[in-house]
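Visitor: I'd like to learn how to read the features of a protein model. Could you walk me through it?

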Amino acid sequence: MQIDWFTFIAQIINFLVLMWLLKRFLYGPIVNHMDERARKLEQHQEDVKRKEEEAQQAKEQYEALKKELSEQHQQILDESKKEAEIYRKERLESARDEIQTLKQDWLSAFQNEKKNRFQQFYQQLAQQTLTIVRQVLKHLAHHDLEQDVINEFLSRLKKTTEEGIHSQLKVMEKMTVESSFPIDPAHREKIASQLHEITGQKPTIDFVETSDLICGIRLKTAGYKIGWNMAEYLEGLETTFHHSLTSESSEKDSKSPNEAETHDLIHP
Amino acid sequence: MELTPDGLIYWQWKWVSINATLVFTWVVMGILTVGSWLATRNLSAHTRLSRWQNFLESLVSVINNQIREVTQQEGIGYLPFIGTLFLLIAVSNLLTVVPGFYSPAGSLSTTGALAFLVFIAVPIYGIAQQGLTGYFRQYIQPTPLMLPFNIIGELSRTLALAVRLFGNVMSGTMIAAILLAIAPLFFPILMQLLGLLTGLIQAYIFTILALVYIASATQVHEKQKTQYSTEH
């Protein structure tokens, strides 16, 4: 049991060599790798933390965006509702206007139709009245009346001289006397003598019987008519009828549509 | 039989003799070096580890933690010295289960050399930590009268370190040999198993003691620093 000094020194050297070898092959690499892993883990943790922060930020951004979008959505919805309401009102107004126009057109057409019908009716009434009057007068005509008519005719011929138009009659060589009744020869002679007296000539006189005249007689030359005729009165009556109808319709036309409408509404 | 492997001399030239202690030390060194090289060849810094790497990292971590616990300092600086001490002694003692293998720790030359290394390492680490004067001032603490006792204590603990390891390992071998002679069947196996346990414990004790000595040399300074800062 003693120390072999060579072994002692050799073991010291061995130990130092082993220490170097282990440091080179064991501790160094292991510690380095452990450090590296620790660093990596730390870095990884930092990465994770950073990513978590990023994710948190992204989440916050997303939430904000979502909120903004929601607000925009609500705003758009509100605007759309408003626009839809405005459009609806406009359409309603337009429809009302259209209905109003149609109503006006219809009322106007109705008024026209009514007016036409009335006019037609009045015309028929006038026509009928005149026809009846003509018939009545035809039936009433008799000899004494015809005598009176001829006398009236003669007095009118005489009046031409007074009015100065007899000179117009002088130039006529051929004259026609139309009458609604047959004129007897005595009266024909009277008329001829009267015309001779007026014109100073002896023209050729044709006595013609015509249904155009109603209980009347007339002298027809080129351009002139002289006579007495019941139909003239009736024509005057017709003119009066026509005039009154026209004036009535124009008065109705001049009335405003609202007044007409009101009138219609009150008296349907 | 030989009490120590120093007696088994394979080759000798004058005072240079290659004995079993050196040869088996080289064997252990070879095993440790090659093993380390093989194990650390494909290290990766990823989170997924191979079994070997995991084992080695655990081993290094355990040693590191022990150093940190004892010295209350970061252990990386002491790791090569302390770790090598532990691994050399532990592997040497564990390999005694192999028939024909003599633990180099059973040689007083080896344990003396290791104890001497500790004896040298303590002032080296101490001076490195607290400077030359700082380290040597502790020999005259609490009074210069204590200087001889401190020096004696330094030497005696080194001697104790060497002899303790040698005695334990050698005795284990001795007991195994004696029991083999008395009861050759089961007892030697049990004693071998006990020898494994003893070997590991001795490796641990030797390493821890070395660590404690180093720590005492480096921590004095820290205490002084604390006192200084509290006084002022």
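Guide: Sure, starting with how elements are named. Helices (H or I, at least four residues) and strands (E, at least two) are DSSP runs, numbered from the N terminus. This is a predicted model, where local features need pLDDT of at least 70, side-chain atom pairs count only at pLDDT 80 or more, and totals for chains, interfaces and linings use all residues. Residues are numbered from 1 along each chain as its sequence is written, chains are lettered from A in the order in which they are written, and side-chain values use heavy atoms, leaving out hydrogens and water.

Visitor: How do I look for empty space, and which helix gives the largest share of the lining of the second largest cavity?

Guide: Rolling a probe the size of a water molecule over the atoms shows where empty space is left. On a 1 Å grid over the protein atoms alone, a cavity is a set of points where a 1.4 Å probe fits but cannot get out; a pocket is an open set with protein on both sides within 12 Å along at least five of seven lines; lining residues have an atom within 4 Å of a point. Grid points are joined across faces, edges and corners, and a volume is the space filled by probe spheres set on the points. Here, there are two cavities of 30 Å³ or more. The second largest is about 40 Å³ in volume, and H6(B) supplies four residues, the largest share of its lining. Among the lining residues are B:Phe119, B:Arg157 and B:Tyr213.

Visitor: What volume does the largest pocket have?

Guide: About 570 Å³. Its lining counts 31 residues, with B:Thr96, B:Gly172, B:Thr173, B:Ala176 and B:Gln192 nearest the centre. H6 and helix H7 (187–231) of chain B each supply at least two residues of that lining.

Visitor: And how do I judge where the chains meet?

Guide: The size of an interface is often given as the accessible area lost when the parts come together. Buried area is that loss (1.4 Å probe), summed over both parts. Between chain B and chain A, about 3,500 Å² is buried, with 78% from carbon and sulfur atoms. The contact (heavy atoms within 4.5 Å) takes 45 residues from chain B and 31 residues from chain A.

Visitor: How many salt bridges are there between chain B and chain A?

Guide: A salt bridge is a side-chain nitrogen of Lys or Arg within 4 Å of a carboxyl oxygen of Asp or Glu. The count here is one: A:Arg37 pairs with B:Glu57, their closest N and O atoms 2.8 Å apart.

How values were computed. Buried area is the accessible area (1.4 Å probe) that two parts lose on being put together, summed over both.
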